[in-house]
Amino acid sequence: MYHTHEETAILIALLLKRFGKTRARVSRRIVKRVAGREQLRVRFLTMLEISLEDFGWRMFELESGGFGFVAMRALEGAERVNAKDLFRLEERRAIDDKEVDWDMTKKELHDEGYEE
């Protein structure tokens with residue numbers, strides 16, 4: 001018998017609470033087992049993500065497989081990003097005027113190790 005997304009969220013939230021950390025990785029196999037499902041469909045995962053937010057957790061799929069979880073409270077003390085400090089004046093104007101050089105922006109991201 002499979003569990004609903006709400007029931008699965010409760011069980012995963014309990015698992016994460018007992019783990020005692022503010023971030024964690026959980027294998028796809030464990031999520032399937034907790035959910036009582038052989039397959040994890042996109043709609044179920046989307047609803048699971050929403051339900052987990054009620055318990056203070058964000059879930060996202062990892063490229064390496066499985067899922068990452070971050071406690072939303074862990075970000076409360078994070079340093080605030082200020083666009084004025086990080087985008088030059090001409091970049092802010094390009095954003096406002098919808099004239100961003102997307103090729104240069106993507107190149108900078110790739111230079112820093114980000115991937116599309």
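Me: Which helix is H5 found in?
Reply: Happy to help, and do keep in mind that this is a predicted model. Helix α1 covers residues 5-19. H5 is found in helix α1.

Me: Does H5 count as buried or exposed?
Reply: Let's look at the cut-off. Buried means under 20% relative accessible area. H5 has 18% relative accessibility, so H5 counts as buried.

Me: Which residues does H5 touch, not counting residues up to four places away in sequence?
Reply: Helix α3 is a good place to look, and this helix spans residues 42-53. Leaving out residues up to four places away in sequence, H5 touches F44, M47, L48 and S51.

Me: In what order do the 3 strands of the open sheet come?
Reply: Try starting from the edges. The edge strands are β1 (23-26) and β2 (57-61), each of which pairs on one side only. The pairing in this open sheet is antiparallel, and the order is β1-β3-β2.

Me: What is the average twist from one strand to the next?
Reply: Here we go along the sheet, whose order is β1-β3-β2. From one strand to the next, the twist averages 20 degrees.

Me: Which residue in β3 stands opposite E61?
Reply: β2 and β3 pair in the antiparallel sense over 5 bridges, with β3 made of residues 67-71. Strand β2 is 57-61. Opposite E61, in β3, stands F67.

Me: At about what angle does helix α3 run to β2?
Reply: Both helices lie across strands, so to speak of each in turn: helix α1 lies across β1, β2 and β3 and runs at about 125 degrees to β1. Helix α3 lies across β2 and β3, and its angle to β2 is about 155 degrees.

How values were computed: Residues numbered from 1 in each chain as written. Predicted model: local features only at pLDDT ≥ 70, side-chain atom pairs only at ≥ 80, totals over all residues. Heavy atoms only, no water. Pairing = 2+ DSSP bridges. Helix = DSSP H or I, 4+ residues; strand = E, 2+ residues; numbered from the N terminus. Axes fitted to C-alpha atoms, helices over the stretch in contact; angles between N-to-C directions. Contact = heavy atoms within 4.5 Å. Buried < 20%, exposed > 50% of the residue type's maximum accessible area, 1.4 Å probe, protein only.
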